[in-house]
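Please open the model in your viewer and keep the selection panel at hand, since the tour moves from one selection to the next.

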There are 2 protein chains.
Amino acid sequence: MTVADGTPHVVVVGGGFGGLAAVRALRRAPVRVTLVDRRNFHLFQPLAYQVATGALSAAEIATPLRQILRRQRNASVLLADVVGFELARRLVLLGDLPTGEHDRALSYDSLVVAGGSAYGYFGHDDWAAFAPELKSLEGALALRSRILSAFEAAEAELDDGRRRSWLTFAVVGAGPTGVEMAGQIAELARELRRSFRRADTRDARVLLIEAADRVLTSFPPGLSRRAERALERLGVTPRLDTSVVGIGPAAIELRHADGRLESVPTRTVVWAAGVTASPLAGLLAEASGAETDRAGRLLVEPDLTLPGHPEVFALGDMVAVRSSGGGVQQLPGVAPVAMQQGRAVARSLRRGREPFRYRDKGNLATIGRAKAVADVQGVRLSGFPAWVLWLVIHLAYLIGFQNRLLVFLRWTFSYVTRGRGARVIHR
Amino acid sequence: MTVADGTPHVVVVGGGFGGLAAVRALRRAPVRVTLVDRRNFHLFQPLAYQVATGALSAAEIATPLRQILRRQRNASVLLADVVGFELARRLVLLGDLPTGEHDRALSYDSLVVAGGSAYGYFGHDDWAAFAPELKSLEGALALRSRILSAFEAAEAELDDGRRRSWLTFAVVGAGPTGVEMAGQIAELARELRRSFRRADTRDARVLLIEAADRVLTSFPPGLSRRAERALERLGVTPRLDTSVVGIGPAAIELRHADGRLESVPTRTVVWAAGVTASPLAGLLAEASGAETDRAGRLLVEPDLTLPGHPEVFALGDMVAVRSSGGGVQQLPGVAPVAMQQGRAVARSLRRGREPFRYRDKGNLATIGRAKAVADVQGVRLSGFPAWVLWLVIHLAYLIGFQNRLLVFLRWTFSYVTRGRGARVIHR
């Protein structure tokens with residue numbers, strides 16, 4: 001794909017929050033934009049846990065990238081895997097297109113890489129088979145099938161001990177996603193009571209396992225404690241100062257702060273810990289000689305460019321940003337950071353490079369029905385007001401009027417009927 | 001699961017239209033009902049083609065059986081595979097529960113088997129890999145991914161001939177499902193035009209392949225011809241008097257009425273032909289010595305009982321019903337037949353057995369945006385009035401107020417925006 005008419009070609013890799021923000025912010029720029037992604041949709045990952053617990057259907061949080069960009073005439077979408085970069089020749093190398101003869105390389109004038117992150121298993125990749133993660137739509141659907149199947153198995157099971165293990169759920173990692181997931185499983189267990197005849201789903205135990213001494217470590221300690229109390233009222237047992245040392249098909253092995261080991265029989269483990277950068281960070285580091293940190297994140301300049309490559313930008317969860325004074329900025333791995341960085345890159349492309357500055361608008365996590373915690377510009381909220389704020393913000397950032405309306409209706413139904421509408425077990 | 005208190009135990013196998021109708025019609029009967037299904041949901045199969053073309057999301061046509069029956073206190077649900085029957089001991093044999101120790105057999109006083117049907121490949125099971133079918137949710141989701149991926153591949157493809165093969169779609173079987181599917185693919189191709197930049201999706205060709213000399217053979221010939229004209233206006237090419245002799249990864253081989261062979265390059269084949277009865281029909285025939293017909297359907301008595309077993313009923317697509325005068329009733333394989341049979345079985349269980357009589361309420365098929373054909377008690381409709389009738393009836397029979405409202409909204413959005421909201425390609 002060579003540039004025929006002299007219009008600069010910007011290639012953006014990754015259609016998550018950061019990449020998509022960059023593409024959209026270039027809508028009036030005199031450039032041609034190609035967005036490359038392996039998936040044909042933008043995933044609204046903050047609600048993936050609701051797909052995993054049957055509250056939402058997959059399509060409601062997955063909007064086709066072509067649909068989002070159909071009116072942006074300077075943008076096109078290419079469904080492809082990026083397998084490498086040749087920075088000297090300004091080429092993105094593509095693999096695995098679903099077709100016969102196609103471009104194997106995409107040439108660019110400017111490159112923006114926004115590959116995001118995944119949950120990492122601390123080097124224990126064998127745990128992945130027993131503990132799906134929540135960053136991808138597939139992970140969320142796999143978890144939904146497992147969680148719902150566990151209740152089905154409990155209903156059929158004759159042995160009491162084994163029934164208990166089917167009704168025990170372990171969530172690893174008490175960040176916002178882990179907290180939300182644990183709360184939802186506990187609520188699901190209560191809601192399902194009416195639907196089962198033999199198993200009492202209210203006997204379900206939900207453990208929330210966290211190596212730190214409190215949940216939601218990115219929030220002020222006071223809000224963490226309120227979140228812990230709200231979780232306990234829902235039936236979640238936070239296990240703080242506790243780390244995971246093993247996961248198998250029928251148990252999770254824990255180590256407590258005092259060194260004591262414990263084996264908890266469970267069939268369902270949710271993984272929401274140990275964020276690790278996209279492999280694209282490593283590919284860019286390899287191609288340029290740039291550094292990566294312990295989590296695999298690429299170290300980029302204060303203006304988000306790759307060291308020595310002012311035409312290459314990287315952003316979002318897969319990078320760590322050097323501060324102008326030296327050192328590395330500590331930015332949370334959340335959607336607002338990626339979106340602000342995407343817009344900053346678009347600004348740099350249009351008006352010349354400038355250092356990125358994050359404007360922290362606040363921090364939100366929901367815990368269960370009508371409960372949440374919020375820390376907005378120093379104002380701390382919890383309970384119902386925080387939950388309403390959470391609802392409004394998530395609906396506002398969800399892409400597309402249709403999905404907003406459908407999700408709003410699903411939530412209204414859930415709130416009124418104390419049920420959830422997408423309890424499909426896929427084979 | 002033995003009957004402790006002397007209440008008769010009715011086991012119903014299959015939670016499709018027929019089985020579910022039987023269970024619900026027993027809601028006030030002095031019996032205990034166990035509904036056994038391999039899947040945790042009732043699939044509204046008449047709309048599966050809309051999932052396959054991205055108009056609806058899976059959960060909108062898949063309602064959890066437990067949810068449907070949560071208030072019916074005499075009914076319970078068991079998620080299990082039925083692997084056989086021991087009629088002398090009145091046992092249903094279960095396999096493959098997702099758990100350790102569980103009942104391997106379910107004893108009954110009365111048994112109702114409603115296993116439904118699948119599309120059969122006329123003995124060419126190797127075609128299934130290239131031509132998914134539309135009876136199951138998995139088939140519909142597989143087709144959605146294939147159809148959407150074909151457009152993506154056409155966009156990336158450099159070779160003109162190959163691009164044409166990616167933009168050629170073949171639908172085998174011109175019954176209502178095949179007609180609806182072909183119409184929807186043609187409409188999808190037009191709608192996608194705005195979303196693609198290189199491939200002109202309006203070049204898409206949709207072939208509708210049918211061995212008979214007209215589409216919709218269950219309708220009067222006049223309505224078939226109107227449907228053919230409507231399909232042609234949408235861009236569908238009906239290939240009548242044509243049979244399939246081969247399907248591979250890149251072509252479909254056809255034989256015309258005059259014996260001429262033709263190979264059409266295509267990457268996407270949809271299978272909607274050759275209905276074959278559920279394997280449960282064969283298992284019941286084996287257990288009882290009853291006959292099956294050429295399509296694998298079990299021959300049952302006029303009152304839907306298994307010959308020689310007045311306590312065992314079978315119904316729906318998996319049976320052929322003997323008429324009281326001898327011979328076999330020709331009943332269409334549609335939801336209303338199964339539902340009426342399910343209710344008839346429930347009546348027989350409550351008040352004594354009586355012959356089943358089908359009340360034909362009519363026949364409906366939709367073709368595309370605001371077009372349908374209807375044959376209702378001899379009144380023949382086509383175009384917009386038939387389409388409105390189709391909409392109202394499908395919404396009315398869809399289970400659950402939430403799904404009705406969501407599907408209605410999706411259809412409204414599609415109608416107004418000429419787009420569709422569930423275009424997710426699953427990996």
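**A stop at Ala189(A)**

Ala189(A) counts as buried, because 22 C-beta neighbours lie inside 10 Å. Bear in mind from the outset that what is on the screen is a predicted model. Select Ala189(A) and colour the element around it, and you will be looking at helix H6 of chain A. If neighbours within four places in sequence are left aside, the residues in contact with Ala189(A) are Thr201(A), Arg202(A) and Ala204(A). For a sense of scale, add Val12(A) to the selection: this residue is 177 residues from Ala189(A) along the chain, and the two C-alpha atoms are separated by 42 Å.

**From H6(A) to H7(A)**

Next, extend the selection to the whole of helix H6 (residues 176-191) of chain A and add helix H7 (residues 221-234) of chain A, whose axes come within 9 Å and cross at roughly 25°. With angles under 35 degrees counted as roughly parallel, H6(A) and H7(A) are therefore roughly parallel to each other. The crossing in which H6(A) passes H7(A) is left-handed. Show side chains for Val179(A), Ala182(A), Gly183(A), Ala186(A) and Glu187(A) on H6(A), and for Ala227(A), Leu231(A) and Leu234(A) on H7(A), as these are the residues that meet. By class, the residues of this contact of H6(A) with H7(A) comprise six nonpolar, one polar and one charged.

**The domains of chain A**

Zoom out and colour chain A by its domain assignment, which gives domain 1 as 9-38 + 80-119 + 276-351 and domain 2 as 125-273. The C-alpha centres of domain 1 and domain 2 of chain A lie 34 Å apart.

**H1 and H9 in chain A**

Select helix H1 (residues 17-25) and helix H9 (residues 335-351) of chain A, which pack at an angle of about 30° with their axes 7 Å apart. The two helices, H1(A) and H9(A), make a right-handed crossing. On the H1(A) side the contact is made by Phe17(A), Gly18(A), Gly19(A), Leu20(A), Ala21(A), Ala22(A) and Ala25(A), while H9(A) contributes residues including Ala335(A), Met339(A) and Arg343(A). Sorted by class, the contact of H1(A) with H9(A) has 10 nonpolar, four polar and one charged residues.

**The helices H1 and H9 in chain B**

Move to helix H1 (residues 17-25) of chain B, which is mostly covered, with seven of its nine residues buried. Those buried residues of H1(B) are Phe17(B), Gly18(B), Gly19(B), Leu20(B), Ala21(B), Ala22(B) and Val23(B). Adding helix H9 (residues 335-351) of chain B shows H1(B) and H9(B) packed at an angle of about 30°, with their axes 7 Å apart. H1(B) passes H9(B) in a right-handed crossing.

**Where the chains meet**

Finally, display both chains together and select the contact between them: how many residues does each chain give? The contact takes 47 residues from chain A and 47 residues from chain B. On the side of chain A that touches chain B, the elements giving two or more residues include strand S4 (62-64), strand S5 (75-79), helix H4 (137-156) and helix H11 (401-417) of chain A. H4(A) supplies the largest share of that side, six residues. Colouring the side of chain A that touches chain B by residue class divides its residues into 22 nonpolar, 12 polar and 13 charged.

Key. Residues are numbered from 1 along each chain as its sequence is written. Chains are lettered from A and ligands numbered from 1 in the order in which they are written. This is a predicted model: local features need pLDDT of at least 70, side-chain atom pairs count only at pLDDT 80 or more; totals for chains, interfaces and linings use all residues. Axes are lines fitted to C-alpha atoms, for helices over the stretch in contact, and angles run from 0 to 180 degrees between N-to-C directions. Helices (H or I, at least four residues) and strands (E, at least two) are DSSP runs, numbered from the N terminus. Angles under 35 degrees count as roughly parallel, over 145 as roughly antiparallel, 65 to 115 as roughly perpendicular and the rest as oblique. A crossing is left-handed if the near helix is turned anticlockwise from the far one by less than a right angle, and right-handed if clockwise. Two residues are in contact if their C-beta atoms, placed from the backbone, lie within 7 Å. Ala, Val, Leu, Ile, Met, Phe, Trp, Tyr, Cys and Pro count as nonpolar, Asp, Glu, Lys and Arg as charged, and the others, Gly among them, as polar. Domain bounds come from an automatic or database domain assignment. A residue is buried if 20 or more other C-beta atoms lie within 10 Å of its own, exposed if 12 or fewer, and partly exposed in between; C-beta atoms are placed from the backbone.
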